[in-house]
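Got the viewer open? Let's walk through this one stop at a time, with something to select at each stop.

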2 protein chains.
Amino acid sequence: MDLIEIYKCLCDETRLRILHLLTQGPLCVCHFQKLLDLPQVPVSKHLAYLRDHQLVEAHRRGQWMIYALPAQRTRELDIQLQCLQDCVQTNEIFRADLQRLKKLRPECDWVAEALVSPTPAPVSKKAAGRAPVLARN
Amino acid sequence: MDLIEIYKCLCDETRLRILHLLTQGPLCVCHFQKLLDLPQVPVSKHLAYLRDHQLVEAHRRGQWMIYALPAQRTRELDIQLQCLQDCVQTNEIFRADLQRLKKLRPECDWVAEALVSPTPAPVSKKAAGRAPVLARN
DNA sequence: ACTTCATATTCCAATGCGGGGATATTCTTC
DNA sequence: GAAGAATATCCCCGCATTGGAATATGAAGT
């Protein structure tokens with residue numbers, strides 16, 4: 001049953017926050033590290049979990065992996081994402097996430113552009129001028 | 001976070017089916033045994049799980065425990081239950097559950113009445129004439 | 001080629017949950 | 001108060017999931 005898999009993805013706070021952030025647009029791993037204030041490994045694992053269950057899509061651009069909500073979504077997923085939006089409005093944690101995302105915007109806007117670029121080829125360093133630098137793990 | 005607990009309750013197929021059935025009205029344990037075709041222990045356990053997380057309420061009436069969706073629901077729960085309804089429309093398993101429930105109706109209508117009865121005192125055998133008899137475990 | 005950055009995977013220990021069997025509890029009836 | 005019906009709880013086992021540490025992969029720059 002598809003629906004169960006969706007709920008399994010949604011029943012973890014970190015994954016919920018990730019999905020919620022993705023409703024605002026694509027992001028890459030390093031952004032999640034900053035936004036969620038978590039080390040790289042758990043972030044990667046949660047993204048892998050979501051990817052394995054087709055709740056997100058991953059696209060490589062150079063050394064970055066860009067994560068986004070799937071372009072084609074099942075009816076269930078669409079409904080659930082909308083529902084999540086409704087539930088989350090009044091929640092402190094998610095509101096704070098949106099605030100942090102707003103501040104991080106200039107640093108991660110290139111992601112959305114890189115994603116729509118017709119050539120999935122690596123992005124040149126210049127184009128990705130705002131590439132983030134993060135400490136290991 | 002409240003929302004997470006709700007999702008944890010929803011991420012099991014049996015519990016989803018239980019909640020879905022309850023949206024049609026209150027039921028007691030023996031009905032779930034029949035409707036879900038599961039032994040008593042797992043049914044009781046899932047109901048306990050849902051009860052512990054306040055997704056359902058339990059009311060004793062004589063030797064029966066009647067389970068129902070909570071009279072007072074949080075906004076999140078209301079939204080999620082509505083969402084579940086939407087998602088479930090096209091699903092074979094849940095449609096089949098509704099069919100079985102329809103057939104079982106004469107046998108479990110007394111539950112709803114017992115629940116609204118002003119005196120939470122035990123129901124007399126006569127009033128509960130259709131009381132079910134089930135094999136152990 | 002070597003280094004560095006970004007990200008993924010693997011290994012391990014801990015935990016939570018589901019199923020089954022047995023048993024306990026609560027209420028009703030006789 | 002003893003028996004029986006409805007339900008709950010306990011114990012044990014297996015499995016999925018999670019976090020941390022270490023390591024591997026893949027791409028870019030020099």
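**Stop 1: the sheet**

Start with β2(A) and β3(A), which pair in the antiparallel sense over five bridges. Keep in mind as you look around that this is a predicted model. One of the rungs to pick out is His59(A), whose bridge partner in β3(A) is Ile66(A).

Now go to the turn of this hairpin, where two residues sit between the strands. Click on Gly62(A) there: it takes a positive phi near 65 degrees.

Next, add β1(A) to the selection. Two bridges join β1(A) to β3(A), residues 64–68, and these strands also run antiparallel. Which residue of β3(A) stands opposite Cys28(A)? It is Ile66(A), the residue you just saw as the bridge partner of His59(A). For Leu27(A), the bridge partner in β3(A) is Tyr67(A).

Zoom out a little and you have three strands in an open sheet, in the order β1-β3-β2 of chain A, with antiparallel pairing. β1 (27–28) and β2 (57–61) of chain A stand at the edges with a single partner strand each, so one side of each has no neighbour in the sheet.

**Stop 2: the helix across the sheet**

Keep the strands on screen and select α6(A), residues 92–116. α6(A) lies across β1, β2 and β3 of chain A, and runs at about 80 degrees to β3(A).

**Stop 3: α3 and its two partners**

Stay on α6(A) and bring in α3(A), residues 29–36. Here's how the pair is usually described: by the angle between the axes of two packed helices and the distance between those axes. For α3(A) and α6(A), the angle is about 140 degrees and the axes are 10 Å apart. That makes α3(A) oblique to α6(A). The crossing is right-handed.

Show side chains to see who makes the contact. From α3(A), pick His31(A), Lys34(A) and Leu35(A). From α6(A), pick Asp97(A), Arg100(A), Leu101(A), Leu104(A) and Cys108(A). Coloured by class, this contact of α3(A) with α6(A) gives you four nonpolar, one polar and three charged residues.

Now hide α6(A) and select α4(A), residues 40–52. The axes of α3(A) and α4(A) come within 9 Å and cross at roughly 115 degrees. The crossing of α3(A) and α4(A) is right-handed. On the α3(A) side you want Val29(A), Phe32(A), Gln33(A) and Leu36(A), which meet Gln40(A), Val43(A), Ser44(A) and Leu47(A) in α4(A). How many charged residues does the contact of α3(A) with α4(A) have? None: by class there are five nonpolar and three polar residues.

**Stop 4: where chain A meets chain B**

Time to switch chain B on. Here, 16 residues of chain A are in contact with 16 residues of chain B. On the chain A side, select α1 (2–10), α2 (13–22) and α5 (75–88), each of which supplies at least two residues. Which helix gives the largest share of that side? That's α5(A), with six residues. By class, the side of chain A that touches chain B has eleven nonpolar, one polar and four charged residues.

**Last stop: the two copies together**

Finally, superpose the chains. A rotation of 180 degrees, with 0.0 Å of shift along its axis, puts chain A on chain B with an RMSD of 0.0 Å. The two copies are thus related as by a two-fold rotation axis. The same surface serves both copies, as 100% of the contact residues of chain A recur in chain B.

Key: Residues are numbered from 1 along each chain as its sequence is written. Chains are lettered from A and ligands numbered from 1 in the order in which they are written. This is a predicted model: local features need pLDDT of at least 70, side-chain atom pairs count only at pLDDT 80 or more; totals for chains, interfaces and linings use all residues. Axes are lines fitted to C-alpha atoms, for helices over the stretch in contact, and angles run from 0 to 180 degrees between N-to-C directions. Helices (H or I, at least four residues) and strands (E, at least two) are DSSP runs, numbered from the N terminus. Angles under 35 degrees count as roughly parallel, over 145 as roughly antiparallel, 65 to 115 as roughly perpendicular and the rest as oblique. A crossing is left-handed if the near helix is turned anticlockwise from the far one by less than a right angle, and right-handed if clockwise. Two residues are in contact if their C-beta atoms, placed from the backbone, lie within 7 Å. Ala, Val, Leu, Ile, Met, Phe, Trp, Tyr, Cys and Pro count as nonpolar, Asp, Glu, Lys and Arg as charged, and the others, Gly among them, as polar. Two strands pair if DSSP finds at least two bridges between them. Copies are superposed by least squares on the C-alpha atoms of residues with pLDDT of at least 70 in both.
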